[in-house]
Every structure is written in structure tokens, then in C-alpha cells.
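Trainee: Could you take me through a close look at one buried spot in this model, and then show me how the rest of the fold is put together around such spots? I'd like the cut-offs as you go.

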Amino acid sequence: MARKETTMLASTLFSSTNNRERMVQERELHRLADRHVTRSVEAIWVRYGPESAPFDARKRLLMDYALSHISLPPHENINQSFARMLHNPVVEDIYECLFWYNIGQFFCRSRVAQSIRANARDCAKVATLREDERRLEQDLGCFRQDLSKLYIRLIRKFQTISALKRDLIHRYIPFAVAHAILVGLRYLCPGSRHLYTLSLQKQVYCVCCELLLGTAVSEVSIQSIREKLFPYELRSAFVRD
């Protein structure tokens, strides 16, 4: 009984702390959105390489946001262990890598394809666009290689902890990262919120899970877990089609 009461008290304190953190994080995100109200993913071109990011992806803020909103099982040790994992610099790098990868995958790719169709009769223009397309695919491949290396580093960092806690990496981190990316798109690129549809959100979750877990995962399974971890996300105005 005493252990149960201690766990409930820890869970209550954890929830109270999360509520305060959410308020601070949301104020900062709204401030960023107001500052860059016209920034749109439609005008961003992703390139791989050091110092090639178009803007600061705010990895610490967005991973903290995901941590304060995720609904984990009410277990004190799980919450504390997961918080330590998400605050690891490797996880933040994974988020940043996947943030740019998803922009390249879903927005840069479609923009090039549309431009090629629109300029089909201009051979010189199409040749230039084909080269852009080739470089983009090459850069996306480099992002995927970096993700594999980062995920291996993350697993090695926590290989000495218990199997139960180590399992948190595979069960929850891909979802926390995907959630952070979607929130990042909404507030860091507010000029194209009309593009962040329900179908896109599902695709982002699938990409993050499949790239990090290294295997194809059922979309139904991914969405079922997402609903449990981030129930507010599916009830809010964040979802649209």
C-alpha cells in the first residue's frame, strides 16, 4: 500500500511539474511562431552537411515539449528514466536529423516533382531540376545513414541499464521524436500549417518509426500507440485534412 501511495504521489508531482513546463514551452513556441509567421516549408530547401540547416530546429525545446505531453504508464522509474533518455544529446540529434529528413521527404520531393511536370517542355530547365532531384535523394540517403549511426550510439549509451528501461528506447522514443517534429513544423514553419494534414501526420509517424526501428511497422499499430501516448494531439485543432 505504501509503495502504491508513493507511486501515486510521484505521478501527481510529475504531472504538476509537466503542467508548469507546458505553459512555459507553449509561450516560447507561440513567440517563435509570431516571429516567423510567414516561414513556410514550401520555401525551404534541405541540404545535408555541417551548418547547412536553414534555421534552428530548436531541438531541446521540442524534445522537452514532447516529454511534458507524452502519457507514459504511471510508474515513477519509467518517467524518470525516459526523461533522462530524451535529454540525451544523441536523442536531440536524432530529432534534428529526422526533422530535416521529413521536410526533404514530404515537401522538397513534391516541389521538385511538380516543377518537373510544370516545365516538361523546357529541356534545359528539366535537366537542372533532375540534378536537384538527384542531389536531394543523395542528401536524404546521408540523413538515413546518420540516423542509423545515432540510433546505435543511443542504444550503446544505455546498454548497461535494465532491459525494461532499455526497452523504452524502442517503444517510445520514435513516437516522441515524431510528435516533436509535428509540433516543430506547426510553430517553426507556421506559414504552411494548411499542409500539415492528418494524412501527413500519419506519414511522419510511420517514417520515424520505420527508420529508427529498422523495419516496416503497421500503420494501424503506429496510430494505436500514438493515440495512447498523445491523446490530446488527435482531439486538438492540430489535426486537420
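Mentor: Happy to! Leaving aside residues up to four places away in sequence, Ser 40 touches Gly 191 and Ser 192, where touching, or contact, means heavy atoms within 4.5 Å. Keep in mind that this is a predicted model, in which local features need pLDDT of at least 70 and side-chain atom pairs count only at pLDDT 80 or more, while totals for chains, interfaces and linings use all residues. Residues are numbered from 1 along each chain as its sequence is written, and side-chain values use heavy atoms, with hydrogens and water left out.

Ser 40 sits in the loop between helix 1 (2-35) and helix 2 (59-69); helices are DSSP runs of H or I with at least four residues, strands are E runs of at least two, and both are numbered from the N terminus. Ser 40 is buried because its relative accessible area is 12%, and buried means under 20%, with exposed over 50% and partly exposed in between, for a 1.4 Å probe and protein chains only. A polar atom of the Ser 40 side chain lies 3.1 Å from the backbone nitrogen of Glu 42.

Now for the wider picture. The protein has 9 helices and 0 strands. Buried residues make up 43% of its 241 residues. Of the contacts with a separation of 6 or more, 81% join residues 24 or more positions apart. The accessible surface comes to about 12,700 Å², and carbon and sulfur atoms hold 52% of that; such areas come from the Shrake-Rupley method with a 1.4 Å probe, and for residues only the protein chains shown count as cover.

Helix 5 (residues 123-157) is a nice check on geometry: its end C-alpha atoms are 51 Å apart, which agrees with the 51 Å expected for 35 residues at 1.5 Å a residue, the expected span being 1.5 Å times one less than the number of residues. Its buried residues include Leu 136, Asp 139, Phe 143 and Tyr 151, and their cover includes helix 4, helix 6 (163-188) and helix 7 (198-213).

Phe 143 brings us to Trp 100, which belongs to helix 4 (residues 89-118). With a relative accessible area of 5%, Trp 100 is buried. Beyond its sequence neighbours up to four places away, Trp 100 touches Val 46, Ala 53, Pro 54, Phe 55, Ala 57 and Phe 143. Ala 53 is 47 residues from Trp 100 along the chain, yet their C-alpha atoms are separated by 7.9 Å.

The largest pocket holds about 300 Å³ of space. Of its 16 lining residues, those closest to the centre are Gly 49, Glu 96, Cys 97, Trp 100 and Phe 143. Here a pocket is an open set of points on a 1 Å grid over the protein atoms alone, where a 1.4 Å probe fits, with protein on both sides within 12 Å along at least five of seven lines; lining residues have an atom within 4 Å of a point. Points are joined across faces, edges and corners, and the volume is the space filled by probe spheres set on them. Helix 4 gives the largest share of the lining, 4 residues, and helix 4 and helix 5 each supply at least two.

One last buried spot: Ala 178 lies in helix 6 and is buried, at a relative accessible area of 0%. Ala 178 touches Val 204, Tyr 205 and Cys 208, again not counting residues up to four places away in sequence.

Note on methods: A polar contact is a pair of N or O atoms within 3.5 Å; within protein, one must be able to donate a hydrogen and the other to accept it, and residues adjacent in sequence count only if both atoms are side-chain atoms.
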